[in-house]
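Biologist: I am learning to read a model one place at a time, and I would like a close look at a single part before turning to what lies around it. Could you take me through it slowly, step by step?

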Amino acid sequence: MICSIMAVLGALFSRQHWFLDVLSQFLLPSIWLLVAAPIILIILIIAGASARHGIFGVAALCGLVAGAPLIQDPPVHGAADAPQLKVYQHNIYVENIVIDRIVATVEREQPDIIALVEVRDDMIGPHEARLRQTWPHVAVARDRDDSWARLRLFSKYPITNYQVRKREFEPATLRAQLETPMGQVTVIVAHFTRPWPFRPPNAQMLHYEALERMLAKETGPLLVLGDFNSAPWGRIGKRMQDDLGFQLANHRAVGTWPGRVNIDDVMDTPGIPRFLTIPIDLAFCRGGLVCSDHTVGMNLGSDHRYATFMMSLTPEH
């Protein structure tokens, strides 16, 4: 319970220090532990435990009151009578050996745009022709030595141009301009490095600052999505929303990672409930785009679950 309260405090003050940001990542599972703690303590007290243990129940309730608003979102609805596009995003896992499941799911979901992370050429190659039958326009970021730069964007609508960036202290990014029924939309797919202790404490913020410089040049309808390796209430997500004016597409109370129990390269290990995981596969809209109807699906052999959402353009744009 103490760890859960620390996660709440970390989420409240994640912008203040990298260690608080690390603690904040575990907010969602911590909230559910705080929900269970008072119930368990009441049962223990009824069963004869000391009443002084009730102080832990009070602490849990305080943590719950402070943390619950952080995982709640106001309802967002797409613009009425405006064209809507469906987006599918998924970190498919660089060692995934069941890509056919992902292809079948994409065909069932029928999105307009597909954004994939950790895509090896040899892994997607046997299925690419099948995908191109419905999504003929493709943008590719490949780097055989670095999985962070393996990105792909499939679209039903023309991609007029795209650029790829992967430099030291930057996230891997694929920037593409799409000609859609709602007009030109810029889509940026990004893959951030992992947080401490896997990388130095400032590594993710160096990646964010590089992305921020890139986004400063962007105008018009803009969608930024990918594997941020950070939750919406972390310092990256807060800056994207509070400083850069993006709307978060995700439902905060539903996580995407870890999608399953990770045992070596076994693809069919048990899934982990969505409410006990972390939403790190994020999507942000700006420039008149409205993102709505976000859902989180299965893992499909990856350690990440896939997500879909709708986006539309507000009438004034």
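Leaving aside its neighbours within four places in sequence, which residues is Tyr-306 in contact with?

Modeller: Please keep in mind from the start that this is a predicted model. Tyr-306 is found in the loop between β11 (289-296) and β12 (307-313), and, once its neighbours within four places in sequence are left aside, Tyr-306 is in contact with Tyr-88, Gln-89, His-90, Thr-105, Arg-108, Glu-109, Thr-295, Val-296, Gly-297, Met-298 and Leu-300. Since a residue counts as buried when its relative accessible area is under 20%, the 5% relative accessibility of Tyr-306 places this loop residue among the buried ones. One of its contacts deserves a second look, for His-90 and Tyr-306 are 216 residues apart in sequence, and yet their C-alpha atoms are 4.5 Å apart in space. The chain as a whole has many links across long stretches of sequence to set beside this one: among contacts between residues at least 6 apart in sequence, 67% join residues at least 24 apart.

From here we can widen the view to the whole chain, whose secondary structure comes to 8 helices and 12 strands, and in which buried residues make up 54% of the 317 residues. Six of the strands form an open sheet with mixed pairing, and their order across it is β5-β6-β7-β8-β10-β9. At the edges stand β5 (159-165) and β9 (247-248), and because each has a single partner strand, one side of each is left without a neighbour in the sheet.

Strand β8 (residues 222-227) is a good one to follow further, because 6 of its 6 residues are buried, which means that the rest of the structure largely encloses it. On one side, 6 bridges join β8 to strand β7 (residues 183-191), and these two strands run parallel. To get from β7 to β8, the chain passes through helix α7 (residues 203-215), and this β-α-β crossover is right-handed. Within this pairing, Ile-188 stands opposite Val-224, while Leu-225 is the bridge partner of Val-189. Strand β10 (residues 281-286) is also joined to β8 by 6 bridges, but these two strands run antiparallel, and here Leu-223 stands opposite Cys-285.

Several of these strand residues appear again when we ask how the interior is filled. In soluble globular proteins, nonpolar side chains tend to be buried together. The largest nonpolar core of this model has 29 residues, and those with the most contacts inside it are Leu-153, Val-189, Leu-223, Leu-225 and Met-311. Strand β6 (residues 172-180) gives the most to this core, with 4 residues. Looking at Leu-225 on its own, and not counting residues up to four places away in sequence, we find that it touches Val-87, Gln-89, Ala-115, Val-187, Ile-188, Val-189, Ala-190, Leu-282, Ala-283 and Phe-309. Gln-89 brings us back to your question, for this residue is on the list for Leu-225 and also on the list for Tyr-306.

A helix can show how buried and exposed residues are arranged around an axis, and helix α6 (residues 121-132) does this clearly, its buried residues being Met-123, Ile-124, His-127, Glu-128 and Leu-131. These residues lie on the same side of α6, because they cover an arc of only 150° around the axis. That buried set packs against α5 (99-109), β3 (137-141) and β4 (151-155), whereas on the other side of the helix Asp-122, Pro-126 and Ala-129 are exposed.

Finally, it is worth setting one more loop residue beside Tyr-306. Arg-252 is found in the loop between β9 and β10, and with a relative accessible area of 14% it too is buried. The side chain of Arg-252 makes a polar contact with the side chain of Gln-241 at 2.9 Å, and a polar atom of that arginine side chain lies 3.3 Å from the backbone oxygen of Leu-70. Among the other residues in contact with Arg-252 are Leu-28, Asp-73 and Trp-233. Trp-233 is also one of the residues that Ser-24 touches, and Ser-24, which has its place in helix α2 (residues 18-24), counts as buried at 0% relative accessibility. The side chain of Ser-24 reaches the backbone oxygen of Asp-21 at 2.6 Å.

Terms used: Residues are numbered from 1 along each chain as its sequence is written. This is a predicted model: local features need pLDDT of at least 70, side-chain atom pairs count only at pLDDT 80 or more; totals for chains, interfaces and linings use all residues. Side-chain values use heavy atoms; hydrogens and water are left out. Buried means under 20% relative accessible area, exposed over 50%, partly exposed in between (1.4 Å probe, protein chains only). Two strands pair if DSSP finds at least two bridges between them. A crossover is right-handed if, with the strands pointing away from the viewer, the path from the first strand over the helix to the second runs clockwise. The arc is that of the directions from the helix axis to the C-beta atoms. Contact means heavy atoms within 4.5 Å. A nonpolar core is a set of buried Ala, Val, Leu, Ile, Met, Phe, Trp, Tyr and Cys residues joined through side-chain atoms within 4.5 Å. A polar contact is a pair of N or O atoms within 3.5 Å; within protein, one must be able to donate a hydrogen and the other to accept it, and residues adjacent in sequence count only if both atoms are side-chain atoms.
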